[in-house]
Amino acid sequence: MDEVASRRIDNNMSTLIADSLFQQLVDGFQEQKNASETVALTKLRQDAFDKFRQVGFPTVKNEDWKYTNVHSLVNKTYVLNPDVDIDGLDFSKADIPDLDAHRIILVNGQYVLAFSSLEEEIGLTVKPIDDAAQEGNFSAHFAQYADKTQNPFVALNTALYTSGLYIDVAKGKALQKPIHIVHVATGAEDFFTQTRNLIVLEPNAEAEIIESFITLDGSAKNVQNKVTEIVVQENAKLQHYYLQVSASVSHYLNHTEVYQEKYSLYNNYNCNFPGASFVRNDINVRLDAEYVESHLYGINLTADNQFVDNHTVVDHMKPHCESYEWYKNIPQDTSTAVFNGKIFVREDAQKTNAFQQNNNMLIGDKSTVYTKPQLEIFADDVKCSHGCTMGQFDNDALFYLRARGIGEESARLLLVHAFAFDVTTRFSNPVVRQYVENLVDAGLRD
């Protein structure tokens with residue numbers, strides 16, 4: 001069989017495999033009607049669906065999806081956006097000891113006010129995304145950033161999202177407590193949900209948002225397609241945590257698009273632990289004004305056959321900005337971790353200071369890491385660096401510690417903590433830092 005014929009068969013197979021969920025989504029969009037939506041939003045959905053229908057699901061022939069094969073997720077049908085009986089649900093898997101925070105519960109993306117605890121704070125607006133269309137910041141920012149990317153799952157989400165949150169922190173407001181958003185996956189039949197969030201920090205606002213992802217016991221296989229757009233306006237500051245502690249039946253496609261204005265600060269702390277079988281995180285940060293600062297930190301401890309892929313983009317568009325990115329992967333068993341980090345320094349972005357580092361510790365002979373740090377510079381007056389390290393668990397160091405009377409389990413913990421220490425010490429919230437370090441302990445294999 002010649003190469004051209006082989007490629008043709010592969011492409012046809014990709015189309016056929018995707019037909020089940022793809023056709024479900026086509027039918028679902030055609031049946032979708034919402035009389036309360038604005039004309040502009042209806043057109044936005046149509047344009048997004050046309051875009052998705054044209055490109056379809058990505059395949060491994062797409063460079064950005066080279067190691068992220070979604071065929072196992074899309075070659076079947078699901079219950080779309082299932083209704084859930086919320087009586088008696090237990091959300092304790094998301095508890096963070098000693099954390100004093102406002103709590104928001106999203107069950108399959110739906111905001112459940114009855115289980116949320118959001119004490120009144122003047123200047124804080126929290127609404128289901130469906131109720132936010134009349135908000136000024138919604139019309140100004142919704143689908144203005146993420147939809148400019150080439151991610152087909154973003155277009156699909158824009159076309160067919162049915163749930164999610166709108167959060168607005170008013171000008172000059174510094175929240176008294178963090179906001180803890182708990183994303184709960186639950187359902188008796190295999191299901192597919194699409195959640196859309198818009199978070200806006202107005203000028204001089206400050207907030208801390210902690211997002212936990214959990215799966216309730218007895219849940220069926222589920223795929224979660226989540227898109228979050230974040231706008232950090234002039235001199236605003238946002239600390240943002242992702243804590244992935246779901247079960248193996250859960251599969252996540254998360255896209256986070258951050259747009260920053262002058263003198264703003266955005267810090268993202270992305271932590272994934274043994275559990276969810278498939279996680280794809282796309283985190284894109286656009287520094288579109290002078291004197292903007294962004295930090296991206298990641299700790300990924302994987303196990304079993306788990307797959308976790310983190311794709312990041314830091315786009316320096318204007319001068320006098322700074323970014324700092326540090327991801328650490330610790331894959332165990334037969335799990336796979338992927339890191340693809342891109343830094344762009346545009347021609348106008350003089351005086352940029354950008355740093356990127358990816359370190360990997362493989363535990364066991366069958367774990368896998370794919371890493372691709374990238375740096376593209378089009379300006380000439382900048383300070384930029386990037387790098388990557390790869391290594392096995394250091395058995396010599398383990399022997400050294402055991403020879404000095406430290407038990408094997410304690411010695412292993414010490415070595416992994418020492419590896420993760422550079423990142424966890426950057427966490428702004430000490431309670432979350434302790435929680436993450438405890439999850440590292442709990443997630444290590446014997």
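## Pockets, cavities and cysteines

The second largest pocket has a volume of about 300 Å³. This is a predicted model, and a good way to get to know it is through its empty spaces. Three cavities of 30 Å³ or more turn up, while the disulfide count is zero.

**The second largest pocket**

- Nineteen residues would be a lot to list, so here are those nearest the centre of this pocket, out of a lining of 19: Asp64, Asp282, Asn284, Val313 and Lys342.
- Strands β13 (278-287), β15 (307-316) and β17 (336-345) are the elements that each give two or more residues to that lining.
- Sorted by class, the pocket lining holds four nonpolar, eight polar and seven charged residues.

**The largest cavity**

- The largest cavity encloses about 100 Å³, and among its 14 lining residues His183, Thr195, Gln224, Lys226 and Tyr252 are closest to the centre.
- At least two lining residues come from each of β6 (179-185), β7, β9 (222-232) and β11 (250-260).
- The lining of the largest cavity has five nonpolar residues, eight polar ones and one charged.

**The second largest cavity**

- The second largest cavity offers about 50 Å³ of space.
- Residues lining it include Trp65, Asn151, Phe153, Arg280 and Asp282; Asp282 is also one of the residues nearest the centre of the second largest pocket.
- Lys226 appears in this lining too, and Lys226 is likewise among the residues closest to the centre of the largest cavity.
- Helix α5 (152-160) and the strands β9, β11 and β13 each supply at least two residues here.
- By class, the lining of the second largest cavity comprises five nonpolar, four polar and three charged residues.

**Asn197 in strand β7**

- Asn197 sits in β7 (residues 191-201) and is buried, with a relative accessible area of 4%.
- A polar atom of the Asn197 side chain lies 2.8 Å from the backbone nitrogen of Leu165.
- Beyond its sequence neighbours up to four places away, Asn197 touches Gly164, Leu165, His183, Lys226, Val227, Thr228 and Glu229.

**Why no disulfides?**

- A disulfide is a covalent bond between the sulfur atoms of two cysteines, and the cut-off used for such a pair is 2.5 Å.
- Cys271 is buried at 1% relative accessible area, and its sulfur is too far for a bond because the closest cysteine sulfur, in Cys388, is 19 Å away.
- Cys388 is partly exposed at 33% relative accessible area; its own closest cysteine sulfur, in Cys384, is 18 Å away, so that pair is too far for a bond as well.

How values were computed. Residues are numbered from 1 along each chain as its sequence is written. This is a predicted model: local features need pLDDT of at least 70, side-chain atom pairs count only at pLDDT 80 or more; totals for chains, interfaces and linings use all residues. Side-chain values use heavy atoms; hydrogens and water are left out. On a 1 Å grid over the protein atoms alone, a cavity is a set of points where a 1.4 Å probe fits but cannot get out, and a pocket is an open set with protein on both sides within 12 Å along at least five of seven lines; lining residues have an atom within 4 Å of a point. Grid points are joined across faces, edges and corners, and a volume is the space filled by probe spheres set on the points. Helices (H or I, at least four residues) and strands (E, at least two) are DSSP runs, numbered from the N terminus. Ala, Val, Leu, Ile, Met, Phe, Trp, Tyr, Cys and Pro count as nonpolar, Asp, Glu, Lys and Arg as charged, and the others, Gly among them, as polar. Buried means under 20% relative accessible area, exposed over 50%, partly exposed in between (1.4 Å probe, protein chains only). A polar contact is a pair of N or O atoms within 3.5 Å; within protein, one must be able to donate a hydrogen and the other to accept it, and residues adjacent in sequence count only if both atoms are side-chain atoms. Contact means heavy atoms within 4.5 Å.
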